[in-house]
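The following are notes on the model shown below, set out as numbered points. They go through strands, sheets, helix packing and the contact between the chains.

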Amino acid sequence: MKHERAMERRQFLKGTLGAASLVALAGCDNLSQSSWFPSILSKAEKLTEGVQRAITPANALAREYGDADISPVFPANGNTDPGTEEYAEHLAQKFAQWTVMVGGLVQTPTSWTLAALKELPSRTQITRHDCVEGWSAIGKWTGVPLADLMHQVQPLPNARYAVFYCADVDEDGVPYYESMALADCYHPQTILAYELNDAPLDIPHGAPIRLRFERQLGYKQAKYVTMIELVETFSGIRGGKGGYWEDDQGYEWYAGI
Amino acid sequence: MASLVHEGTGTDQGLEGEQVPELVTMSKPLPLKEPLVERVYRHRLPVRISHWLNVPFLIILIMSGLQIFNAHPALYWGDRSDRDQPLVSIRPVQTESGEMRGITTIFGHKFDTTGVLGYSDGKRRAFPAWATIPSAKVLAMGRQWHLFFAWALVINGLFFLTYAFISRHVARDLAPTGMDLRGIGKAIKDHLVLRHPKGEEAKRYNVLQKLAYVVILFVVAPLIVLTGLAMSPTIDTAFPWLLTIFGGRQAARTIHFIACFTFVGFIVVHVVEVILTGFFNNIRSMVTGWFTVKHEHEGANHEA
């Protein structure tokens, strides 16, 4: 009698737990697809950004590694070839006509050719690239500190973000772009890189110019950069979330973790 | 024993479906053969709240964590991930006949885990749909769940630890005493044959239970939080020693994963023990605070 009851109880428990877990799983999927729940989840992004910015000294450097630490293979992710006719032309001319224009909310909008950028003082850093997928690769980057360009163009007081426009488009023709807080443009390790591991950038890694923003994840590191626009808000730009992956996939704009 | 407050001795009807006669335990020894039932206030409210919040928090964190893992289903040591040298990887592999198999590789040893790991329900994915949040492969959404509930767990954990120290729950109930530790051999033997403490002994945590809680609270939980933070490139600039103590970002990711499965193991053992030591009594005590203890008759203790 007691045994039977225990059996029943066990059956009941098993059934209830099984059903509950199925309902819970389906519930999580429904929540993920609702409009209100992800907006609650995304509150954590603001909290993370606030706390991380508060506890991280503005000029704290990302760890720099030695030559021996460089990854034998540095994987290239995202778009690995812009593939447009325009880009093919630049490639044929060895990027002689490639310019990076810095404008928007600045005193002196300025354009630099690739050659002009290479003449500016450069910085070389061996740093770790952390992909949102979970892998890391170490590479040696050489480029011009973005802070130097900022001093040249002189941002206006209402400029808060830098938006990076890129030459690459996805399969559907949607162009890549990214954005970062203006303060991060002045970080000593934030550079417009033109060399990886002592060689000019190759196409998969963003030739001829890409951003290195060492304190955030890989998808913030815009490749094939053509224009940097300083803005007060990016809510009116494209999808309004400040970047291709943010608009398209729902990745966080603040990619510090 | 502040948190195991006696309500005086009362009676409890219908415990485990048994008939328990009304007993008055004020004075004289009772000649009855039925066990005496005492109600004990075992878990105070903050502990109960914190405990039940942890249930969804941990489940969500584990399952959304597996979603994130699926985006790059391999673990490494050191700072970088050389893809030809993973410690562990879970991959879909096509055989010569064109069939898909899930292959899990651990330190170079390959295991066919088709159906669960690497390839399940016709999909190429490391952990199966039933183990991840969301069930479909959506890294961005998995990260949103994970990074929200990571805060929830940390805040709940800090709330619990603050309470547990101030109320002396840690010192009185969780910290093993010297006598506890000397009895560890017997405790292990008792656990192996599923013999659990009764009577007075059931009112307090046994030594293995204490050690399990202490290790989870003060070793595994801080480890999983710190290794999680060590994966943040921003935190690594603020606290570079995190990379040093864990042996690199990829090593931290591996330790994070091991700590996760330590939690899974703890949860399994915890739930099994809850079921084996009186499921409804245990659940009630974590819901209402009140736990019942059956006493053998004094003097009859040594019979068995």
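1. In chain A, Val144 of strand β4 (residues 136-145) stands opposite A:Leu192 in β7(A). The two strands pair in the antiparallel sense, and five bridges connect them. This is a predicted model, and local features are given where pLDDT is at least 70.

2. β7(A) has further partners. With strand β9 (residues 210-212) of chain A, β7(A) pairs over three bridges in the antiparallel sense; there A:Ile191 has A:Arg212 as its bridge partner. With strand β8 (residues 199-200) of chain A the pairing is again antiparallel, over two bridges, and A:Leu196 stands opposite A:Ala199. β7(A) and β8(A) form a hairpin with two residues between them, and A:Asn197 in the turn has a positive phi of about 50°.

3. Is β7(A) largely enclosed or largely in the open? Five of the six residues of this strand (191-196) are buried, so the rest of the structure largely encloses β7(A). The cut-off behind this is 20 or more other C-beta atoms within 10 Å of a residue's own.

4. An open sheet of five strands in chain A has the order β2-β1-β10-β5-β6, with mixed pairing. Its edge strands, each pairing on one side only, are β2 (110-113) and β6 of chain A. From one strand to the next, the twist averages 15°.

5. Within that sheet, β1 (residues 99-104) and β10 (residues 225-231) of chain A run parallel and are joined by four bridges. A:Gly103 stands opposite A:Glu229 in β10(A). By contrast in direction, β5 (residues 161-169) of chain A and β6(A) run antiparallel, with six bridges between them. A:Tyr161 stands opposite A:Ala181 in β6(A).

6. The hairpin of β5(A) and β6(A) has five residues between the strands, and A:Gly173 in this hairpin takes a positive phi near 85°. As to burial, five of the seven residues of β6(A) (175-181) are buried, so the strand is largely enclosed by the rest of the structure. The strand is nevertheless an edge strand of its sheet, pairing on one side only.

7. Chain B contains ten helices and nine strands. Of its 304 residues, 28% are buried. Counting contacts in chain B between residues at least 6 apart in sequence, 63% join residues at least 24 apart.

8. Four strands of chain B form an open sheet in the order β3-β4-β5-β6, with antiparallel pairing. β3 (74-75) and β6 (109-112) of chain B are the edge strands, and each pairs on one side only. Four bridges link β5 (residues 100-106) of chain B to β6(B) in the antiparallel sense, and B:Ile103 stands opposite B:Asp112.

9. How do α1(B) and α9(B) pack? Their axes are 11 Å apart and make an angle of about 140°; the two helices are therefore oblique to each other. The crossing is left-handed. From α1(B), the residues B:Leu58, B:Ile62, B:Gly65 and B:Phe69 meet B:Phe257, B:Cys260, B:Phe263, B:Val264 and B:Ile267 of α9(B). By class, this contact has eight nonpolar, one polar and no charged residues.

10. Helix α5 (residues 184-192) of chain B can be set against the enclosed strands above. The number of buried residues among its nine is zero, so α5(B) lies largely in the open. B:Leu194, which follows α5(B), has a positive phi near 55°.

11. Between the chains, 32 residues of chain B are in contact with 41 residues of chain A. On the chain B side, the elements that give two or more residues are α1 (45-71), α2 (139-166), α7 (233-238) and α9 (249-276). α2(B) provides the largest share, eight residues. The classes on this side are 17 nonpolar, nine polar and six charged residues.

12. B:Asp82 lies in the loop between β3 and β4 (88-94) of chain B. It has 15 C-beta neighbours inside 10 Å and so counts as partly exposed. Leaving aside neighbours within four places in sequence, B:Asp82 is in contact with A:Ser71, A:Pro72 and B:Tyr76. Its C-alpha atom is separated by 19 Å from that of B:Ser232, which is 150 residues apart from B:Asp82 along the chain.

Definitions and conventions: Residues numbered from 1 in each chain as written. Chains lettered and ligands numbered in written order. Predicted model: local features only at pLDDT ≥ 70, side-chain atom pairs only at ≥ 80, totals over all residues. Buried ≥ 20, exposed ≤ 12 C-beta atoms within 10 Å, placed from the backbone. Pairing = 2+ DSSP bridges. Contact = placed C-beta atoms within 7 Å. Nonpolar A, V, L, I, M, F, W, Y, C, P; charged D, E, K, R; others polar. Axes fitted to C-alpha atoms, helices over the stretch in contact; angles between N-to-C directions. Parallel < 35°, antiparallel > 145°, perpendicular 65-115°, else oblique. Left-handed = near helix turned anticlockwise from the far one by under 90°.
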